[in-house]
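Biologist: Got a minute to walk me through this one? I'd like to start with the overall layout.

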Amino acid sequence: MKRYIFLLTIGMLILGLALAGCSPSETPEPTAEPTEEPTEEPTEEPTEEPTEEPTEGECDEITTITVWHGYSGDYQTPIEALFDEFNATNDMCIVIEYAKVDNLSDSLAVAIPAGEGPDILAWANDQIGR
């Protein structure tokens with residue numbers, strides 16, 4: 001029994017020393033150095049005219065966001081309705097493409113190394129670590 005207490009005491013001592021060594025050290029506050037004032041007058045640069053934003057229905061380039069999901073049944077219907085509504089009403093030149101992939105695990109194992117995976121993945125939280 002004495003051996004067990006001795007080993008426990010030594011272990012606690014080592015643990016205490018290790019934790020004491022992990023305490024944060026004080027860091028000195030940075031001192032602000034004086035900044036020099038410019039001696040020359042700044043020259044006037046030509047101003048650029050603002051570029052025109054694309055108007056509704058007029059896009060120079062359409063950005064496509066790909067979403068792979070595994071939704072099914074009653075859960076899939078409202079989510080796809082939201083994607084459809086966004087695609088129909090947005091004026092930001094963005095289109096969301098969504099696809100239900102039956103076996104996400106195998107599909108991702110092939111697509112990601114090839115650089116062809118989705119932009120967004122909607123998947124069960126217990127699968128993310130894999």
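**The sheet and its neighbours**

Modeller: Sure, and keep in mind that this is a predicted model. There is an open sheet of three strands, ordered β2-β1-β3, and the pairing is parallel.

Biologist: Which strands stand at the edges?

Modeller: β2 (94–100) and β3 (120–122) do. Each has a single partner strand, so one side of each has no neighbour in the sheet.

Biologist: And how many degrees are neighbouring strands turned against each other?

Modeller: On average 25 degrees, ignoring direction.

Biologist: How many bridges join β1 to β3?

Modeller: Three bridges link β1 (residues 63–69) with β3, and the two run parallel. As one example, H69 has A122 in β3 as its bridge partner.

Biologist: OK, helices next. Where does α2 lie?

Modeller: Helix α2 (residues 76–89) lies across β1 and β2, and it runs at about 160 degrees to β2. Helix α3 (residues 104–111) also packs on the sheet, where it touches β1 and β3. The direction of α3 makes about 135 degrees with that of β1.

Biologist: Switching topic: how many aromatic pairs does the structure hold?

Modeller: Two. One of them is Y71 with Y75, whose ring centres are 5.0 Å apart.

Biologist: Why is that pair edge-to-face?

Modeller: Because the planes of the Y71 and Y75 rings are at 70 degrees, and over 60 counts as edge-to-face.

Biologist: Is Y75 buried or exposed?

Modeller: Y75 is exposed, at 53% relative accessibility. Y71 has 21%, so Y71 counts as partly exposed, given that buried means under 20%.

Terms used. Residues numbered from 1 in each chain as written. Predicted model: local features only at pLDDT ≥ 70, side-chain atom pairs only at ≥ 80, totals over all residues. Heavy atoms only, no water. Pairing = 2+ DSSP bridges. Helix = DSSP H or I, 4+ residues; strand = E, 2+ residues; numbered from the N terminus. Axes fitted to C-alpha atoms, helices over the stretch in contact; angles between N-to-C directions. Contact = heavy atoms within 4.5 Å. Phe/Tyr/Trp six-rings, centres within 6.5 Å; stacked < 30°, edge-to-face > 60°. Buried < 20%, exposed > 50% of the residue type's maximum accessible area, 1.4 Å probe, protein only.
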